[in-house]
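Q: Please take a close look at the pockets of this model, and then at its aromatic contacts. What lines the pockets, and how are the rings arranged?

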Amino acid sequence: MASATPSFALERSAQPVAVAERAKLLADPGFGRVFTDHMAVVRYSDAKGWHDAKITARKPISLDPAAAVLHYAQEIFEGLKAYRLADGTLAMFRPDANARRFNASAERLAMPKLPEETFLESIRQLVRVDRDWFPTVEGGSLYIRPFMFASEAFLGVKPSSEYLYLVIISPVGGYFKSGAPAVSLWISQHYTRAAPGGTGAAKCGGNYASSLVAQAEASKHGCDQVVFLDAAEHRWVEELGGMNVFFVFKDGSLQTPPLGGTILPGITRNSLMTLARDEGLTVREEPYSIDQWRADAASGKLTEAFACGTAAVVTPIGTVKSPDGEFKIGAGGPGQTTSRIKQKLVDIQRGAAPDPHGWVSRID
Ligand code: PLP
Ligand code: COI
């Protein structure tokens, strides 16, 4: 077996993007369209374990047309960001939590676990090599995308005996194109994202493939994101296509749908619950129905709602639409609690405030 903590061989790109071109890209990168010069790669086979770890030029991957991922979607991924701290150092936010979630996803998809230290080291090494790609746009960061897929050429349905683990980096600005102060949501009444016993809690590509038709329906109705309800009753709010959701009440308390196998255990979700409780706020992890949401928004009991995730950070929800009609949250713009809690999180992530929970992991 290869060692648990491989050292990554470095093969620098012979054709890095020219400095002037890179500067142009970094001034307005958008989300997920610009990529750095390198990638991390580690191979796995049942026979050799994890091996051949390297940082190499980012380039297309050659795959056998029978590679299992292309047929049975045995694939998982993660998403985390590196920020520039006030003193200029780059730092990741809770990467250990991403490493653990990656392995939880691997277990659900019958894939081999990746040693957490290999996950963390692959990212640290890659960020070091591509550190000049940090965006210059206000609020920019490096969005880091580790992923693993089944590469064995075999059409039988079984766990693959070979995998590739890769990490790529995309310098990013904001996730939402509109730049609007609050986003609009579409309630999917027909499509569900996950059912008990399914893969809802895993970060696997298949969950996103099945969400696309619902997301397209949301776009058709002029909405930014889709809200998924539970599979059994189509009544309880679960999460958005790519974000968790929080509700803020007039009495100052917060509520978010409970984990339980059908929603992604968001690291931003967990961090915000901790920060809110640090402030003395009550945070409930309890089911919330769509009818209650509508009624509480109308009565004024609910004053704010927001979406949260690595890509979205904390994004206020302004309007919620469904075939039954539409309702506004508060005044339809960012609320005070949402803005305050977002600032708290962002200040820790960017080193502008103390880090009492040890979440910031510096890359020297
Ligand atoms: N829910 C889904 C479906 C997601 O894709 C994401 C994004 O990763 C989240 C929630 C939020 O998770 P995190 O805060 O760990 O980024
Ligand atoms: C993330 O926030 O990392 C995600 O995976 C969400 C996706 C919509 C980009």
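A: The pockets come before the aromatic contacts here.

This is a predicted model, in which local features need pLDDT of at least 70, side-chain atom pairs count only at pLDDT 80 or more, and totals for chains, interfaces and linings use all residues. Residues are numbered from 1 along each chain as its sequence is written, chains are lettered from A and ligands numbered from 1 in the order in which they are written, and side-chain values use heavy atoms, with hydrogens and water left out.

The largest pocket has a volume of about 830 Å³. A pocket here is an open set of points on a 1 Å grid over the protein atoms alone, where a 1.4 Å probe fits, with protein on both sides within 12 Å along at least five of seven lines. Lining residues have an atom within 4 Å of a point. The volume is the space filled by probe spheres set on the points, which are joined across faces, edges and corners.

The lining of the largest pocket has 37 residues, and nearest its centre lie Y143, R145, Y175, Y208 and G242. Several elements each supply at least two lining residues, among them strand 7 (141–150), helix 6 (212–220) and helix 7 (267–278). Helices (H or I, at least four residues) and strands (E, at least two) are DSSP runs, numbered from the N terminus. By class, this lining holds 17 nonpolar, 14 polar and 6 charged residues. Nonpolar means Ala, Val, Leu, Ile, Met, Phe, Trp, Tyr, Cys and Pro; charged means Asp, Glu, Lys and Arg; the others, Gly among them, are polar. Domain 1 (9–172) and domain 2 (183–349) both contribute to the lining, so the largest pocket lies between them. The domain bounds come from an automatic or database domain assignment.

The second largest pocket has a volume of about 530 Å³. Its lining has 25 residues, with G174, A312, V313, V314 and K342 closest to the centre. Helix 9 gives the largest share, 5 residues. The classes are 12 nonpolar, 9 polar and 4 charged. This pocket also lies between domain 1 and domain 2, because both give residues to its lining.

Now the rings. The whole structure has 16 aromatic pairs. Rings of Phe, Tyr and Trp (its six-membered ring) pair if their centres lie within 6.5 Å; planes under 30 degrees apart are stacked, over 60 edge-to-face, and the rest tilted. F93 and W359 have ring centres 5.6 Å apart and planes at 80°, so they are edge-to-face. F93 sits in strand 6 (residues 90–93) and W359 in the loop between helix 9 and strand 18 (360–363), so the pair ties together parts 266 residues apart in sequence. F93 is buried, at 9% relative accessible area, and W359 is buried at 7%. Buried means under 20% relative accessible area, exposed over 50%, and partly exposed in between (1.4 Å probe, protein chains only).

F247 and W293 also form an edge-to-face pair, 4.9 Å centre to centre with 75° between the planes. This pair links F247 in strand 12 (residues 244–249) with W293 in helix 8 (residues 290–299), 46 residues apart. F247 is buried at 0% relative accessibility, and W293 is buried at 0%.

One aromatic cluster is formed by Y44, W50, F102, F119, Y163 and Y165.

Charges meet rings too. R22 lies over the face of W133, at 5.9 Å from the ring centre. R84 lies over the face of F134, at 4.8 Å. The test asks for NZ of Lys or CZ of Arg within 6 Å of the ring centre and within 35 degrees of the ring normal.
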